[in-house]
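Hi,

Here is the structure I promised to pass on. Have a look at it first, and then read on for what turned up.

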Amino acid sequence: MVNACINTTALTHNNHNIQNFLEDKLTSSMIGLKLVKALVELVEFNIYNAPRFNYPCLIVHGNADIITDYKASVKFYKRISSEHKELKVVEDGMHEIHHDINKEELKVYMSQWIKKRLERSPRNIGEFNTMRKGLRREDKYTKTIWGLIILFIYSYLLK
């Protein structure tokens, strides 16, 4: 374990969230070297395989983020093959952009993007409907599990 040396004031402009971060007993400034290696490899893997990614994608990154370089998000965006992709670089946005001072505007922007995709999508959920057809009627636990998975995905998308 090594100290990640993350300056907490680089997380967000929102002082309340910085205070919450500092008071949270479950946060640590320490990071394992295996995790660092895995994160670097994951970024390289994602950039390399980006052309294979052809799903709707919204990428949001602040250009004032000094913890992760927003230029990697720009590079990923340019390489993905999705027809429905959008990149939003938030001017003066920091690392925890979802906690930053303009978080409400960002939530509205993201909600509108998701709603626009949902309106254009087919009424059924494609593969989920195919999987549901394969379930036997007497297997109530399997149906319940798939129902919960689908409910979780819908609720996540509608947030």
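Before the charged pairs, the cut-off: a salt bridge here is a side-chain nitrogen of Lys or Arg within 4 Å of a carboxyl oxygen of Asp or Glu. Keep in mind that this is a predicted model.

By that definition, the structure holds two salt bridges. In one of them, the side chains of glutamate 41 and lysine 37 meet, with 2.7 Å from N to O, so the pair falls within the 4 Å limit. Both residues belong to helix α2, four residues apart, or about one turn of the helix. Glutamate 41 has a relative accessible area of 40% and is therefore partly exposed.

The other pair is lysine 107 with glutamate 104, where the closest N and O atoms are 3.6 Å apart. These two sit in helix α4 (residues 103–120), and because they are three residues apart there, about one helical turn separates them. Lysine 107 is partly exposed, at 45% relative accessible area, and glutamate 104 is partly exposed too, at 47%. As background, side chains of opposite charge can pair when their charged atoms come close.

Back to helix α2, since it turns up again on the surface. Val2, Leu33, Val36 and Val40 make a nonpolar surface patch of about 300 Å². Which helix gives the most to the nonpolar patch? Helix α2 (residues 33–49) does, with three residues. Valine 36 is placed in helix α2, and its relative accessibility of 32% is why valine 36 counts as partly exposed.

Now the strands. β3 (residues 57–62) and β4 (residues 85–90) run parallel, and six bridges join them. What is the bridge partner of leucine 58 in β4? The partner is glutamate 86. Between the two strands the chain goes through helix α3 (residues 70–79), and this β-α-β crossover from β3 to β4 is right-handed.

One last spot to look at is histidine 16, in helix α1 (residues 15–23). Is histidine 16 buried or exposed? Histidine 16 has 53% relative accessibility, so this residue counts as exposed. Its C-alpha atom is separated by 9.9 Å from that of aspartate 100, although histidine 16 and aspartate 100 are 84 residues apart along the chain.

If you want a place to begin, try helix α2: the salt bridge between glutamate 41 and lysine 37 lies there, and the helix also supplies three residues of the nonpolar patch.

Cheers

Definitions and conventions: Residues are numbered from 1 along each chain as its sequence is written. This is a predicted model: local features need pLDDT of at least 70, side-chain atom pairs count only at pLDDT 80 or more; totals for chains, interfaces and linings use all residues. Side-chain values use heavy atoms; hydrogens and water are left out. Two strands pair if DSSP finds at least two bridges between them. A crossover is right-handed if, with the strands pointing away from the viewer, the path from the first strand over the helix to the second runs clockwise. Patches are made of residues with over 30% relative accessible area and no salt bridge: like charges are joined within 9 Å, nonpolar side chains (Val, Leu, Ile, Met, Phe, Trp, Tyr) within 5 Å. Accessible areas come from the Shrake-Rupley method with a 1.4 Å probe; for residues, only the protein chains shown count as cover. Buried means under 20% relative accessible area, exposed over 50%, partly exposed in between (1.4 Å probe, protein chains only).
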